[in-house]
Amino acid sequence: MSDYTIVLDSSNLQKTYGGGIRALDGLTLQIKRGTIFSLLGPNGAGKTTFVRIAATQLLPSCGTISILGHDVVRDAKNVRKHIAVVPQEARPLSLQTPFEHITTYLVARGLNFNDARKRANEAIQDLKLDSHRNIICANLSGGLRQRVLIAMAMSSDADLLILDEPTLGLDPLARLEVWNLVRDYVTKSKRTILLTTHYMDEAELLSDELAIIDRGKLMVRGTPSSIKSRLENRSVAVIKSPDDSIDFQSYGQVLKAGSSIRVFIDRRRVDELVSLCLKKNLEVSVRQISLEDVFISEVGRVIDDDSTTN
Ligand code: ATP
């Protein structure tokens, strides 16, 4: 392991695709060693573009990004030694077993066959794949296949693991398993993980630090609690099917989400608003601020609203 405390360093990173689509618009961020860093944003925000550039699979249009001091454009070969990537919606080789798949990957990374087998065995145990070790991947569930890919990346012992939407399409239990694996790995190995997600709860629970991006721009970054403190002293009142007879704006910022509205309200005025809603027979619930609320408050729309995707 090298001595760098900043594992990934990106400065003013820009990417414009053919047709003039600006996927990244000057992204500057650093990821500290031994942390889980989440890149969060709605569909089309630029998350995959960012990780593909970091993984040396795509060239930036402008700006720089380095991994442990190695520039991803000028020194791609060295960057690749320090990273392991699980691309979005990747699948392990269907006709190989988890053990064969991990071994093949490690041999391709340059390990000799004996070391590769030893490491693959350890990864299979660490990721609790023992009972599926000899079943071909085509016959595993989506959650188990994802676990095989994560085991593969973790077995590499790379300084930086890049996981692009690792829980996409998984059921709630399988998502929890992935979260636990990722957290345990960082605690034990002190390695670093960059993951992308558009699940706010995932980022909030898992990340040491995160950045919310939208349309290729950095909206906010920090620890989940520091980001939530941007809406300090506020609660969220969710009101179903409100009519226009009440001036909700006078209680705080109001945003429409489907058939409901969310009012970002000063905690001291919650009782007043709730009584008013009850008097008007409106369904209302009040809860603590979440990361999603910060996002909505910052960009003025819900995170899975595809309507503005390029
Ligand atoms: P998602 O959550 O849906 O995976 P994302 O945040 O990962 O989205 P990107 O896949 O990086 O976003 O896409 C950012 C923007 O760049 C989008 O507008 C997308 O349509 C566009 N884009 C991505 N890849 C290409 C490409 N190869 N050619 C042209 N445009 C592209």
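Helices and strands here are DSSP runs, numbered from the N terminus. With that in hand, welcome to a quick tour of this predicted model. We will look at an open sheet of 4 strands, the helix α1 that lies across part of that sheet, a packed pair of helices, α5 and α6, and the cysteines.

**The sheet**
- The strand order is β2-β1-β4-β5, and the pairing is antiparallel.
- At the edges sit β2 (22-32) and β5 (70-71), each of which pairs on one side only.
- Strands of a sheet pair through backbone hydrogen bonds, either parallel or antiparallel.
- Strand β1 (residues 6-16) runs antiparallel to strand β4 (residues 62-67), and 5 bridges join them.
- To find your way in the viewer, try Ser 10, whose bridge partner in β4 is Ile 65.

**A helix across the sheet**
- Helix α1, residues 47-54, lies across β1, β2 and β4.
- Relative to β1, α1 runs at about 120 degrees.

**The α5 and α6 pair**
- Helix α5 (residues 142-155) packs with helix α6 (residues 172-189) at an angle of about 10 degrees, and their axes are 10 Å apart.
- Because angles under 35 degrees count as roughly parallel, α5 and α6 are roughly parallel to each other.
- From α5, the contact is made by Gly 143, Arg 147, Ile 150 and Met 154; from α6, by Ala 174, Glu 177, Val 178, Leu 181, Val 182 and Tyr 185.
- Sorted by class, this contact has 7 nonpolar, 1 polar and 2 charged residues.

**Cysteines**
- The disulfide count comes to 0.
- Cys 62 is partly exposed, because its relative accessibility is 35%.
- Cys 277 counts as buried, with 0% relative accessibility.

Conventions:
Residues are numbered from 1 along each chain as its sequence is written. This is a predicted model: local features need pLDDT of at least 70, side-chain atom pairs count only at pLDDT 80 or more; totals for chains, interfaces and linings use all residues. Side-chain values use heavy atoms; hydrogens and water are left out. Two strands pair if DSSP finds at least two bridges between them. Helices (H or I, at least four residues) and strands (E, at least two) are DSSP runs, numbered from the N terminus. Contact means heavy atoms within 4.5 Å. Axes are lines fitted to C-alpha atoms, for helices over the stretch in contact, and angles run from 0 to 180 degrees between N-to-C directions. A disulfide is a pair of cysteine sulfur atoms within 2.5 Å. Buried means under 20% relative accessible area, exposed over 50%, partly exposed in between (1.4 Å probe, protein chains only). Angles under 35 degrees count as roughly parallel, over 145 as roughly antiparallel, 65 to 115 as roughly perpendicular and the rest as oblique. Ala, Val, Leu, Ile, Met, Phe, Trp, Tyr, Cys and Pro count as nonpolar, Asp, Glu, Lys and Arg as charged, and the others, Gly among them, as polar.
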